[in-house]
Structures are given as C-alpha cells and as structure tokens.
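Trainee: I am new to this model and should be grateful for a close look at one part of it. Could you choose a suitable place and describe it with its surroundings?

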Amino acid sequence: MDQSFDIVVVGGGHAGCEAACACARMGLRTVMITMNSDLIAQMSCNPAIGGIAKGHLVREIDALGGVMGEVADAVGIQFRLLNTSRGPAVWSPRAQCDKKQYRTRMKEVLEREPNLRIKQAEVAALKIEDGRVRGVQLVDGRGIDCGAVIITTGTFLNGLAHIGERKFECGRNGEAPSVVLADQIRNLGLGWTRLKTGTPPRLDARSIDWSRFEPQDGDLDPTPFSFLTEKIERPQIQCFLGRTTAETARIIRESLGRSPLYSGQIEGVGPRYCPSIEDKFVKFPDKTAHQIFLEPEGLDTNEIYVNGMSTSMPIDVQAAVIASIPGLEQAEMIRPGYAIEYDAVDARELDHRLEVRKLPGLFLAGQINGTSGYEEAAGQGLMAGINAARTVLGLAPLVIPRSEGYIGIMIDDLITKGTDEPYRMFTSRAEYRLRLRIDNADERLTPIGMEIGLATTDRADFFLKKREQVQRLLREMEGNPKAATLRRTETKIEELLPWIGEFLGCAPQRGVLMTVETEVKYAGYIDQQRRQIERMRSSDTRSIPESMQFVGIPGISREVGEKLQRVRPATLGQAARIPGVTPAAVALLDIYMSLASRA
C-alpha cells in the first residue's frame, strides 16, 4: 500500500493549492493530502481575495504562473480597485467571491493537472532518515516516500476554537484538528508560538432590513487579478455599509467578563490590524461607532458575512450585539462568530526557500509560518512549491529580492524578523513601492515564471507582446512633445490614444497604457528608486558563509552575535534587517569577513 512521489503537500488550503499546482506544472509527481477533499481552497473567513497590498500579492502570484488570480476572476461577484485617490504604487484590486464556486473552480484546476494526485487522509508523522525528511506516515498506516514535504496546515495544528466560555478542538469550526502531526512538529526542536485569529457571525439575508444600510457598488470597469483575463463582464452584486451604536458599546462592555479574549481563556496572540469587535471598543473607548460591511457569501446562498464584527463572545451576547445595529433588529444568525488559536512555527527556523534549516526536505508555508490571510498563504505556497521542486531536481533555489516583489518582502520579513502576531502584508512594508506596482508585476516576475517552467505559452506570448509595446512607446516618448504633455498631472494617456494606435499600428495590449503613463509621469522618482535598489543589491549579494560563527567576532556584542546566530543571515543585507543589529555591527561583520577571506 505504500507509494512514492516526488513531492508531498500536506494541506489543501490556499498555500497547499499553489504549492501542489506549482510542483505538478514543473513536472514533478505530486500528491496533495487533505483531511477533506470537498473543502479544498475553502474560504473559511471572508470570501474575498485581494485588498490593500494583498492585491499586489495576487498579481505577483499570477505573474509567476500561480492560479489564485485566474480563479478569483472566474468567480468574483464584486470587484473594486482600492486606493485610487492615491498614487498608482498603492492601487490594489479586491474581489468579493462566491465562496462555493471558488473552491469548486480551484479543485477543477488542480484535478486537471496530470502530475497531481489528491488523497483524503490525515498525516500522522514525518519520515525522517539521516537527518532529512524522506516522506510521511498516514494515520491509516500507509506510508508515502518522497523527495520533499511541504506542510501547509493552516490553523489545524492543535486548533482550539472559542465561543464564550465554551471551547472545543477543531481545525476550522466543525472540522477535526491535526493533533498527532502537531505533536511531532513540536518535538522537532523548532521554535514555535501560539497565535489566534477569528471570524464574525453569518446572517440570513432574508431577515435583514436592507433599507437601513448604505449600498456599495463594484467598479463599472472591474480590474482583474490575472494578466490573462481579458475583461470582467458579469453583473456584480452590492455590498452594504452600516455602523454600530451606543447600545452595541454598552452590551459589549457589560459582557467583557464573559469574553475568552479578556478572561484569560485565550492564550494565543491575535492580529492588531484586524481586532475583534470587543477589542475595538476596549482599545478605542472614545470612538462612538465602528463600521461594519454586509457582504454576500455567494450568488445562490442567503448567508451574509458581517465584515468588521469578528468576535468570540458567547452566542447570546453576539445575538444582542447584532440586534443593536439599525437594520439587524430582526436578523437571524446562521452561525456564530468564533476565535481559533493554533500552533505556528517561528519562521526564523526557515531559510529563503522556506525550507527548515535544521531538517532538509521539509518546507513550510502559510499560517504555520505565522501569517494571516489567503493571499499571504498562497504566495508562500507558490514559493515553497517552486523551491521544493527545484531542490528535488537539484537546481538552485529561487529567491525573490525585496526590490522585485511583495512576495520577497514577506518571506524576508518572516525569516529575518519573525513575528509575534499574525503577519499581514501592507504597502508600508515595501521600501520601493513605486517599483512594486500591480501593473508591472508581469515585467518583474513573468520572465522568472518562463525560466522555471511555470508560465504557460499563452502567458509568455501575452507578456512578450505587452513588453515590446511598452518599450517601443517609452523609447518613442523620449524627447517627444507627447511625453512632455503626459507628465502633467491633468493629462491622461487616453487623450493620446489616436497617436498611440497610429504609432503601434494596432490597439495597445491590455495594461500597456497604465504602465507607460506611470513610467512617464513618475520617471524621476522611478530613476531615484532604481539607484537605491542598486545600492541595496550590493549588500544583498555579499554572501555570508554558512559556517560563520557570529558569537565572539571582535567588536560585536554578545547580544548582537546571538541574534545573528539565531537568524543565520545569508547576506549582509539580511543581517542589516535583523531587529537590534546596528549598522556598526554590520560594518564590523563586513570587515571580519574580508579579513577571514584573505587568511
């Protein structure tokens, strides 16, 4: 009954889907093991993809050859481009998706991959031989040998859900946790932590007085996630905006003693940027009202997601809080909100490949690394899949520099700094935001996707044609009066369409106009960032030997030496980004390395 594959992916969430698909498309025999194959790509929280910075991640996943963007485009039911009042560096697409259609579509994509198999089972243990992972052992007794294992277990490792005073073991509400595998991972000698996330109640749409809420429409011209999506032409649904009241605040404050978040029942650390509704009233006592958004979970369901009301309060308190909001007085709760805490590995145990340094052949991706969000998980899953495949094939790892992608920033942040709360991507984490725009993600990353065998022929053809048109137009605009006109804030590139069409001899490819306009309008800033990037690259190409012992280097304090020893940076640039490592210590490390190389 034992089997053999090149790659085993444990978990069928958003990280697992990208990891499995990437490995299979790169030609490796891959198996995804999930405890419930009907819930592959389940959107356990809000059925939405993208948002501020998260939309950048999805564009980058797509540019490399990942699948999240195409699936979201296919099942999105409301699309909005966020941050358009600001510069193009921070524009981010977001789509409310049909929850059921998303997982159905993703499963179809996975099942079409000839090199991928899906098995419904639970992993009990890793097979470890000679200090390396060689496969997995299933709970039912079967074994699977492989060249690398990618663990993408989300919140399932020792998952514990809380609703008021009641708590119960689960992975997601109603699903079994992964306890046996969690115990083995805890015994591997890795640093780990306990984190918490939460979800709001869901309401029956038929019981809501919609006239009391402010409707929010999608964009008239929706922005797709995938560079391959020509146009979103489906009708879009409305979402609705409401607000809490003074009565909401009173109910929550009088019930705080029953909140597991404040009673000490919950030990895990939750995200600051996405607080529960009870947290909002405690931390912002002077704010009289908080926004909530009513968002449909699909086209053929009455279930409404109450965005902004994540909670772990008892069910009776949740019901009272809902009834305190105008328009929800008679609202029926389909299922309550809950908090879930789970085990996560300290991501500083990993290298840039997302491979565990102490245990070669084991890769980790998603919430097990301390992140929060579908998009962060998918980005890690894609990179873990690529690097696991390249490891098995005997190829050099793929590392995306911070200057070339939000994916690279996320991974570098995690393995260099770790995280003491669920990590979420923000545009403020990027040093070079004007370089990392949604319109040029293909320029930055599709050539890599083509080189490693992830980009399809259609994607490569589209990209090459777009790049050729962009380059031709930018060359033509150098010293051209048309370019001088375009540099003005009030001038839009659409005004130049007749000239552009005549010059190209055809209509411009999708995305060409946005890229050209941005490159022309912000040319000075972009050139300045390019020079900054070159300076950063010089430090990031200065490699530190793997055998380097940092404690005891003359001039470097023991505290700093121990921090360096803990993270084991691969380059001087990474060393400089470790919290508490001073520029003077980095300079001393550089000198020490130079002297050692001459000895």
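Mentor: Let us begin with helix 16 and helix 17, which are roughly perpendicular to each other; by convention, angles under 35 degrees are roughly parallel, over 145 roughly antiparallel, 65 to 115 roughly perpendicular and the rest oblique. The model is a predicted one, in which local features need pLDDT of at least 70 and side-chain atom pairs count only at pLDDT 80 or more, while totals for chains, interfaces and linings use all residues. Residues are numbered from 1 along each chain as its sequence is written, and side-chain values use heavy atoms, with hydrogens and water left out.

Helix 16 covers residues 512-521, and helix 17 covers residues 523-540. Helices (DSSP runs of H or I, at least four residues) are numbered from the N terminus, as are strands (E, at least two). The two axes come within 5 Å and cross at roughly 80°. Each axis is a line fitted to C-alpha atoms, for helices over the stretch in contact, and angles run from 0 to 180 degrees between N-to-C directions. In the contact (heavy atoms within 4.5 Å), Thr518, Glu519, Val520 and Lys521 of helix 16 meet Ala523, Ile526 and Arg530 of helix 17. These contact residues comprise three nonpolar, one polar and three charged. Here Ala, Val, Leu, Ile, Met, Phe, Trp, Tyr, Cys and Pro are nonpolar, Asp, Glu, Lys and Arg are charged, and the others, Gly among them, are polar.

Helix 16 also borders a pocket. The second largest pocket holds about 1,100 Å³ of space. Its lining has 37 residues, and Trp91, Thr223, Glu494, Gly511 and Met514 are the closest to its centre. On a 1 Å grid over the protein atoms alone, a cavity is a set of points where a 1.4 Å probe fits but cannot get out, whereas a pocket is an open set with protein on both sides within 12 Å along at least five of seven lines; lining residues have an atom within 4 Å of a point. Grid points are joined across faces, edges and corners, and the volume is the space filled by probe spheres set on the points. By class, the lining has 14 nonpolar, nine polar and 14 charged residues. Helix 13 (457-477) and helix 16 each supply at least two of the lining residues. The largest share, six residues, comes from helix 16. Helix 16 thus appears in both settings: the lining of this pocket and the contact with helix 17.
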